[in-house]
Amino acid sequence: MIEVRKLVKRFGLKTILRGLDFDVQPGEFVALLGPNGAGKTTFLRILSSLSRPSLGEVKIAGYALPSQAAAVRARLGVVSHMPLLYADLTAEENLRFYARLYGLQNQEPRITEVLQMVGLDNRRRDLVRTFSRGMQQRLAIGRAVLHDPDVMLFDEPYTGLDQDASTMLDEVLKSVASQGRTVVMTSHDLARSEDLATRFDVLSRGVITASTSREGLGSSNVLAFYKQALNT
Amino acid sequence: MKSPSLARSSFLKAVAAIVQKDLAAEYRSRELLSSMMVFALLVIFIFNYALNLEPSVRAKVTAGVLWVTFVFAGTIGLNRSMAVEKDRGCLDGLLLAPVDRTAIFFGKVISTLIFMLLVEVIMLPFYGLFYNVNLFNPGLLLVMLLGSIGYVVVGTLLSSMAVQTRTRDILLPIILFPIIIPILLSALDASNGFLNNLEFDLIQPALGLLVALDVIFTAVSFMVFDYVVEE
Amino acid sequence: MQTKPKALLALDVVSLILLAISTYLALVFAPTEAIMGDVQRVFYFHVATAWVGMLGFVAAGVAGIVYLRTQNLKWDIIEIAAVEISLVFFFITIVLGSIWARPVWNTWWTWDPRLTTAAITELIYIAYFMLRQGIEDPDRRARFGAVYTLIGAVSVPITFMAIRLFRTIHPVVIGTQSAAAQGGFAMTGDMKVAFFFALFAFTVIFIDLFWNRIRMGNLAAKVEQLRLKISQ
């Protein structure tokens, strides 16, 4: 579903990504781990078509970036640590706006369906301004799945959430992932990614240094795998 | 492959969605219009005392006072309109959607233009009320429309750059004002012409230049907007 | 690479010699203007520096367009070089113009279209540097810089035209007297020699400065690159 070959990203003279290779099969849920400044956010921004690669190939669902960006965008749902929502619109107005941008048919039933999925149907007519951080983040996920994307990217979705909100977010993420979608998620929270992901990759110094499936993890936990990957 | 007509209709739909979104949000908060409006009134009050707007002075400076008011109030509108997109990452949200980047640009231009024209049309009767003059002159309205189009087009392009910098809203007037001088000059000249009931032949050069500037700046912004929002 | 190229060194020397000759021609060789007297001698450098400012302005616009097409930071260095040279030379033009204007028109400043346009161009350049200062990412800085020079390149010539067209609304300092009283004059043969030589000399000086400044920009980029290499 995602094919990345020899991806290089430079900011001016600084090289962030150094010939990164990355493949994700349909239906996989990849947790992308790595220290701060390793290039995780940069990498996700490139996958989400917001930033252009300096060198290398990126293909999502068979379409190349950046040349076929529009086709990729229609199949991609992105959640970042910013909500990407308008505070002065209600929940349903926000979704309706994005539904129009994505050119969806049958908007209203889909909006109701998504609101129910993220547990905000009872707050649909309230301004996003009045929502807690956790509710905003759930709505942001609703916004990202609205057009039923094949591939979803989550960049630190748990940032700024308390325990309860994180648990609710877990449920939403699980239901999003269970619908056969391909997911790539970055997170500091190793324990949470352990619950969700089917594969764990470590991004360090601009390349993928280690990768393991849930089965390959065996009896050790993600933390041990991560520490070992960084030390080698 | 999309057919051209389908692509055009999705372009227009995206523009319409953005305009409607901005109008709905503004209808809720009324932050933008109210601050522009109060600011514009304050500018007129300051001018009243700064220039001592008695009838003999006023005949010469009315166009100037109006345009300075519009330009200053417009800066607030432009800043605010882009800050809304940048603050919660909404600009990324727009860029993630499979719509043409220029559709985003025109959407923002049209909604900001609507706000600016609203403020202008409300300021005119205020000015008329304060000084007991009637400014409802179709010619002047036309100049206001044409001048505001050019101003908002350049302003939207530059404010989408300004919000992505560290200095943000302080920067906008500094980068915007030297660029819009030709628009301001021709709008002033044409406004003066209509307010002093000059013959159309005398106003035509300024009006023509204003139209040309609108076209030129729209075309240039259309070509470079991608570079402003895409990384 | 590190040592200055011989050709550039030679050009430095030639520029200095040309500047000396041009100064001699302007201050000694050219006859004293009958009405305005010696202060008219400022004219030769006034026009020549304006010419250099204009060359820089055009060069910056072209470099901006090429940068946007190629996304090669080399053109950003060229653009900054052109803007800096143009900024300095337009400033000299304005100062020389004021020196000339004071005895001839009895004012330091006139709202003459050329002078005003030069001043507005200066303001655009200052805005250009303030815009760049607020941006960390070098690619974005270069992109915004290029877009802004391009918009400036469109606006400035029209500004000049507009001021000319609508000058009736500007204060006319000199009234509508004869051309001579406004500071116009007919050039004698020797004046023409001094005038055209100054134009030639300053064109060479422009090329020399441009080359030096671009070289300096490239070296600065190199230093930055080495610094990054060490820190990694």
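Trainee: In what order do the elements of chain B run from the N terminus on?

Mentor: This is a predicted model, in which local features need pLDDT of at least 70, side-chain atom pairs count only at pLDDT 80 or more, and totals for chains, interfaces and linings use all residues. Residues are numbered from 1 along each chain as its sequence is written, while chains are lettered from A and ligands numbered from 1 in the order in which they are written. Helices (H or I, at least four residues) and strands (E, at least two) are DSSP runs numbered from the N terminus. Chain B has 8 helices and 0 strands. Its order is α-α-α-α-α-α-α-α.

Trainee: What radius of gyration does chain B have?

Mentor: The radius is taken over C-alpha atoms, and the globule rule is 2.2 Å times the number of residues to the power 0.38. For 231 residues, a compact globule would come out near 17 Å. The C-alpha box of chain B is roughly 65 × 35 × 30 Å along the principal axes. The computed radius agrees with the rule: 18 Å.

Trainee: What percentage of the residues in chain B is buried?

Mentor: Buried means 20 or more other C-beta atoms within 10 Å of a residue's own; 12 or fewer means exposed, and in between is partly exposed, with C-beta atoms placed from the backbone. Chain B has 231 residues to sort this way. The buried portion is 47% in chain A. In chain B it is 49%.

Trainee: Which helix gives the largest share of the largest nonpolar core?

Mentor: Such a core is a set of buried Ala, Val, Leu, Ile, Met, Phe, Trp, Tyr and Cys residues joined through C-beta atoms within 7 Å. This one has 205 residues, and those with the most contacts inside it include Leu139(A), Ile175(B) and Ala198(C). The largest share is 15 residues, from helix H7 (residues 171–195) of chain B.

Trainee: Which element gives the most to the side of chain B that touches chain A?

Mentor: Contact means C-beta atoms, placed from the backbone, within 7 Å. The contact takes 20 residues from chain B and 24 from chain A. On the chain B side, helix H1 (4–29) and helix H4 (90–96) each give two or more residues. The top contributor, with 9 residues, is H1(B).

Trainee: Which are the edge strands of the open sheet in chain A?

Mentor: Two strands pair if DSSP finds at least two bridges between them. The 6 strands run S6-S7-S8-S3-S9-S10, with mixed pairing. An edge strand pairs on one side only. Here those are strand S6 (76–79) and strand S10 (207–213) of chain A.

Trainee: What is the bridge partner of Ala31(A) in S9(A)?

Mentor: Strand S3 (residues 29–33) and strand S9 (residues 199–204) of chain A run parallel. They are joined by 4 bridges. The partner of Ala31(A) is Phe200(A).

Trainee: At what angle does helix H5 of chain A run to S6(A)?

Mentor: Axes are lines fitted to C-alpha atoms, for helices over the stretch in contact, and angles run from 0 to 180 degrees between N-to-C directions. Helix H5 (residues 133–145) lies across S6 and S7 of chain A. Its angle to S6(A) is about 165 degrees.

Trainee: Why does Gln40(C) count as buried?

Mentor: Gln40(C) sits in the loop between helix H1 (6–29) and helix H2 (42–70) of chain C. Its C-alpha atom is 12 Å from that of Phe195(C), 155 residues apart along the chain. Gln40(C) counts as buried because its C-beta neighbours inside 10 Å number 22.

Technical notes
Two residues are in contact if their C-beta atoms, placed from the backbone, lie within 7 Å.
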